[in-house]
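Colleague: Please take me through the pairing of strands in this model, slowly and closely. I am still new to reading structures, and a look at what surrounds that part would help me too.

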Amino acid sequence: MTAQHPDDNVSYTTREEYLAEDVVQNYIPNRFSGTLGQYRYRREQGAVNSLIGQVPRTEVQAILDCPTGIGRWLPNLAVLEPCRIVAVDVSPTMLKQAQTVQLQNIATEFRQGVAEQLPFQDGTFDVVFCHALLKHLPAPVQLQVIKELARVTSKYVIVTASVRRGPAGFIRQFRNPKGAFAVSRPQFEQFALDSGLCVIGSRKAATPVGAEYSYLLRKG
């Protein structure tokens, strides 16, 4: 499988949203302040950590975190005790902040790049982690990204997406700002299947009225 090339004709603004210094500095306060924000934080952490916990540590040597953002998930991924973590983000401002995260006994590399065209060979990583990116993208770009995540992993992908399920999903389908798109559950699972991945676990990663789900996918 070869690298996927971004479609320049597909319009979305995610690449430009996280370049400003003030956006980076206010990333956590803007999302997780107050009672509702703290509740959302706990739900998100619980969902992701439960899926990370299903990955056998003995199978993990190298992890890709893309997009890493401010690096807030690096400590969570470090519990798998890899030898190496590569953190990739399109925003140099985000990467600068991510580099302040210190991990013990793990070689950590930071690189600028886009998820639709990852600068790595096939099967470079044992785990590829992609949180809170797909929800910002149009459906065709989501498929491009999932195919790239599948290409560069040899075993697992942990990814979070906006998936229309139940009443929250019904409401979410009418809220697609800036080109973003919440896919249906069958559509997401078909994206995974088309990319050579199968679903082995999922958890809701949002408040009860949210539509975000985290998935653990296995290659092959």
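Modeller: Happily! Start at Val86, which stands opposite Glu109 in β3. This is a predicted model, where local features need pLDDT of at least 70 and side-chain atom pairs count only at pLDDT 80 or more, while totals for chains, interfaces and linings use all residues. Residues are numbered from 1 along each chain as its sequence is written, and side-chain values use heavy atoms, leaving out hydrogens and water.

Now widen the view to the strands. β2 and strand β3 (residues 107-112) run parallel and are paired over 6 bridges; two strands pair if DSSP finds at least two bridges between them. β2 also pairs with strand β1 (residues 62-65), again in the parallel sense, with 4 bridges. Here you can pick out Ala62, whose bridge partner in β2 is Arg84. Strand β2 spans residues 84-89, and 5 of its 6 residues are buried. Buried means under 20% relative accessible area, exposed means over 50%, and partly exposed lies in between (1.4 Å probe, protein chains only).

Just ahead of β3 in the sequence comes a loop, and Gln104 sits in this loop, between α6 (92-98) and β3. Gln104 counts as exposed because its relative accessible area is 64%. Its C-alpha lies 9.6 Å from that of Pro75, although 29 residues separate Gln104 and Pro75 in sequence.

For the wider setting, the protein chain has 9 helices and 8 strands. These are DSSP runs numbered from the N terminus: helices are H or I with at least four residues, and strands are E with at least two. Of the chain's 220 residues, 50% count as buried.

One of the other strands is β5 (residues 153-164), where you will find Thr153. Thr153 counts as buried because its relative accessibility is 0%. Leaving aside residues up to four places away in sequence, Thr153 touches Gly123, Phe125, Asp126, Val127, Val128 and Lys219; a contact means heavy atoms within 4.5 Å. A polar atom of the Thr153 side chain also lies 3.4 Å from the backbone oxygen of Phe125.

Rings are worth a look as well, since there are 5 aromatic pairs in the structure. One of them joins Phe32 and Tyr41 edge-to-face, with 5.3 Å between the centres and 75 degrees between the planes. Rings of Phe, Tyr and Trp (its six-membered ring) pair if their centres lie within 6.5 Å; planes under 30 degrees apart are stacked, over 60 edge-to-face, and the rest tilted. Phe32 is buried because its relative accessibility is 8%, whereas Tyr41, at 37%, is partly exposed. Tyr41 belongs to helix α4 (residues 34-52), and its C-alpha is 8.2 Å from that of Ala206, which is 165 residues away in sequence.

Finally, a word on confidence. The chain averages a pLDDT of 88, with 86% of the residues scoring at least 70; pLDDT is the predictor's confidence in each residue, from 0 to 100. Over residues 1-11, pLDDT is below 50, and this stretch has 27 contacts in the model beyond near neighbours in sequence.

Methods: Polar contact = N/O pair within 3.5 Å; in protein donor to acceptor, adjacent residues only side chain to side chain.
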